[in-house]
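Here is a small set of exercises to work through with the model open beside you. Try each task before reading its solution.

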Amino acid sequence: MCVCFEAEGGIRDLVRSRGLGDVYKRQVQDRIRELSEASVPPPEVGFELLDQDGRVAGEAELAWPERRIAMVLDEHQIALFEELGWRAFTPDKGAPLNELR
């Protein structure tokens, strides 16, 4: 897992954790770097998507609730988010930068 520290104007810093495999770690780092360079607003880290009954329906590493966009590690989470009207992507895919700006 990677943790982002917020600063005015976007993501300021990245702290690496040993929780993910090297492939996911690199993909997440690459995606965070891409988001930072694009001056995307800071995301919410460790987001839990709630269904209509207030139960956790999905989990995202990073989320922009006001835009209903989330980055998830598990592709199965994409469908859960999309069912509730969100757009979700995995770190191995490019982030929807135009929608996040």
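**Exercise 1: A hairpin and its register**

Leu-50 has Val-56 as its bridge partner in β4. Keep in mind that the coordinates come from a predicted model.

*Task.* Find in which sense β3 and β4 pair, and over how many bridges.

*Solution.*
- Start from the bridge you already have, which joins Leu-50 to Val-56 of β4.
- Next, look for another bridge: Phe-47 is partnered by Ala-60 in β4.
- Now take the strands as a whole: β3, residues 44-50, and β4 pair in the antiparallel sense, over 6 bridges.
- Finally, inspect the connection, where 5 residues separate the two strands of the hairpin and Gly-54 in the turn has a positive phi of about 85°.

**Exercise 2: The next strand along**

*Task.* Work out how many bridges join β4 to β5, and which residue between these strands takes a positive phi.

*Solution.*
- Begin with the pairing: β4 and β5 run antiparallel and are joined by 3 bridges.
- One pair to locate is Trp-64 with its bridge partner Ile-69 in β5.
- The hairpin of β4 and β5 has 4 residues between its strands, and Arg-68 there has a positive phi near 60°.
- Note that Arg-68 is a residue other than glycine. Most residues other than glycine have a negative phi.
- Check the surroundings too: with a relative accessible area of 37%, Arg-68 is partly exposed, because it falls between the 20% and 50% cut-offs.
- For a second case of this backbone feature, go to the loop between α1 and β3, where Ser-39 lies. Its phi is near 55°, again positive in a residue other than glycine.

**Exercise 3: An aromatic cluster**

*Task.* The structure holds 2 aromatic pairs. Classify the geometry of the pair formed by Phe-47 and Trp-86, then that of Phe-81 and Trp-86.

*Solution.*
- For Phe-47 and Trp-86, the ring centres are 5.1 Å apart and the planes meet at 40°. That angle lies between the 30 and 60 degree limits, so the pair is tilted.
- Now place this pair along the chain: Phe-47 belongs to strand β3, while Trp-86 is in the loop between α2 (75-83) and β6 (87-89). With their positions 39 residues apart in sequence, the pair links distant parts of the chain.
- Phe-81 and Trp-86 are 5.5 Å apart centre to centre, with 75° between the planes, an edge-to-face arrangement.
- Put the pairs together, and Phe-47, Phe-81 and Trp-86 form one aromatic cluster.
- What about burial? Phe-47 is buried. Phe-81 has 0% relative accessibility and Trp-86 has 8%, so both fall under the 20% cut-off and count as buried.

**Exercise 4: Two nonpolar cores**

*Task.* Identify which elements each supply at least two residues to the largest nonpolar core, and which element gives the most.

*Solution.*
- Select the core, which has 14 residues; those touching the most other members are Leu-35, Val-40, Leu-62, Trp-64, Phe-89, Leu-97 and Leu-100.
- Sort by element: α1 (22-37), β4 (56-64), β5 (69-71) and α3 (97-100) each supply at least two residues. The greatest share is from α1, with 3 residues.
- Apart from this core lies another one of 11 residues, including Leu-49, Ala-70, Leu-84 and Trp-86.
- To see one core member in its setting, pick Trp-64: beyond its neighbours within four places in sequence, its contacts include Leu-35, Val-40, Pro-41, Pro-42 and Pro-43. Ile-69, Trp-86, Phe-89 and Leu-100 are also in contact with Trp-64.

**Exercise 5: The whole chain, and how far to trust it**

*Task.* State how many helices and strands the chain has, and which strand has the lowest mean pLDDT.

*Solution.*
- Count the elements: there are 3 helices and 6 strands, in the sequence order β-β-α-β-β-β-α-β-α.
- Then look at burial, where 40% of the 101 residues count as buried.
- For confidence, the chain has a mean pLDDT of 84, with 79% of residues at 70 or more.
- Split this by element: strand β1 (residues 2-7) has the lowest mean, 49, and β5 the highest, 97.
- Where pLDDT is low, the predicted coordinates should not be read in detail.

Key: Residues numbered from 1 in each chain as written. Predicted model: local features only at pLDDT ≥ 70, side-chain atom pairs only at ≥ 80, totals over all residues. Heavy atoms only, no water. Buried < 20%, exposed > 50% of the residue type's maximum accessible area, 1.4 Å probe, protein only. Core = buried A, V, L, I, M, F, W, Y, C linked by side-chain atoms within 4.5 Å. Contact = heavy atoms within 4.5 Å. pLDDT = per-residue confidence, 0-100. Pairing = 2+ DSSP bridges. Phe/Tyr/Trp six-rings, centres within 6.5 Å; stacked < 30°, edge-to-face > 60°.
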